[in-house]
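Trainee: Please choose a single part of this model and take me through it closely, explaining each term as you go.

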Amino acid sequence: MQLIRTILIIILVYYVFKILSRLFAPYLMKYASKKMSEKFEQQYKAQQQYKRNGSQYKEGETVIDKKPKSANSNSSNKVGEYIEFEEIE
């Protein structure tokens with residue numbers, strides 16, 4: 001009796017989920033597509049703004065926005081021991 005009751009509950013939950021998903025799926029899809037559209041629009045506007053403001057560089061020019069570390073900091077950070085070797089011909 002307990003097994004039949006459990007199977008009926010599982011079937012009932014399955015059909016309720018199936019019916020609810022058919023009712024709410026269009027709204028969820030519309031919401032998700034609206035959010036994606038807003039995100040793409042925001043990225044497009046940011047790209048267009050960057051193109052307008054970033055005209056100081058020529059197209060194809062490589063720009064590095066990172067400041068190199070000073071030479072003094074590299075000498076204090078010794079990674080390992082230097083080993084001399086001879087090349088064998």
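Mentor: A residue counts as buried under 20% relative accessible area, as exposed over 50%, and as partly exposed in between (1.4 Å probe, protein chains only). Tyrosine 14 is partly exposed, because its relative accessible area is 48%, and tyrosine 15, at 46%, is partly exposed as well. Before going further, keep in mind that this is a predicted model, in which local features need pLDDT of at least 70 and side-chain atom pairs count only at pLDDT 80 or more, whereas totals for chains, interfaces and linings use all residues. Residues are numbered from 1 along each chain as its sequence is written, and side-chain values use heavy atoms, leaving out hydrogens and water.

The structure holds one aromatic pair (ring centres of Phe, Tyr or the six-membered ring of Trp within 6.5 Å; planes under 30 degrees apart are stacked, over 60 edge-to-face, the rest tilted). Tyrosine 14 and tyrosine 15 form this pair, and with 5.3 Å from centre to centre and 70 degrees between the planes it is edge-to-face.

Let us now follow helix 1, which covers residues 2-53; the protein has two helices and zero strands (DSSP runs numbered from the N terminus: H or I of at least four residues for helices, E of at least two for strands). The expected span of a helix is 1.5 Å times one less than its number of residues, so the 52 residues of helix 1 should span 76 Å, and the 71 Å between its end C-alpha atoms agrees with that. Helix 1 nevertheless bends by about 45 degrees at phenylalanine 24 (the angle between axes fitted to the seven residues ending there and the seven starting there), and proline 26 follows within four residues.

Leucine 20 also has its place in helix 1, and with a relative accessible area of 40% leucine 20 is partly exposed.

Further along, lysine 45 and glutamate 41 both lie in helix 1, four residues apart, which is about one turn of the helix. Lysine 45 forms a salt bridge with glutamate 41 (a side-chain nitrogen of Lys or Arg within 4 Å of a carboxyl oxygen of Asp or Glu), and the closest N and O atoms are 3.4 Å apart. Lysine 45 is exposed, because its relative accessible area is 53%, while glutamate 41, at 42%, is partly exposed. For the protein as a whole, buried residues make up 0% of the 89 residues.
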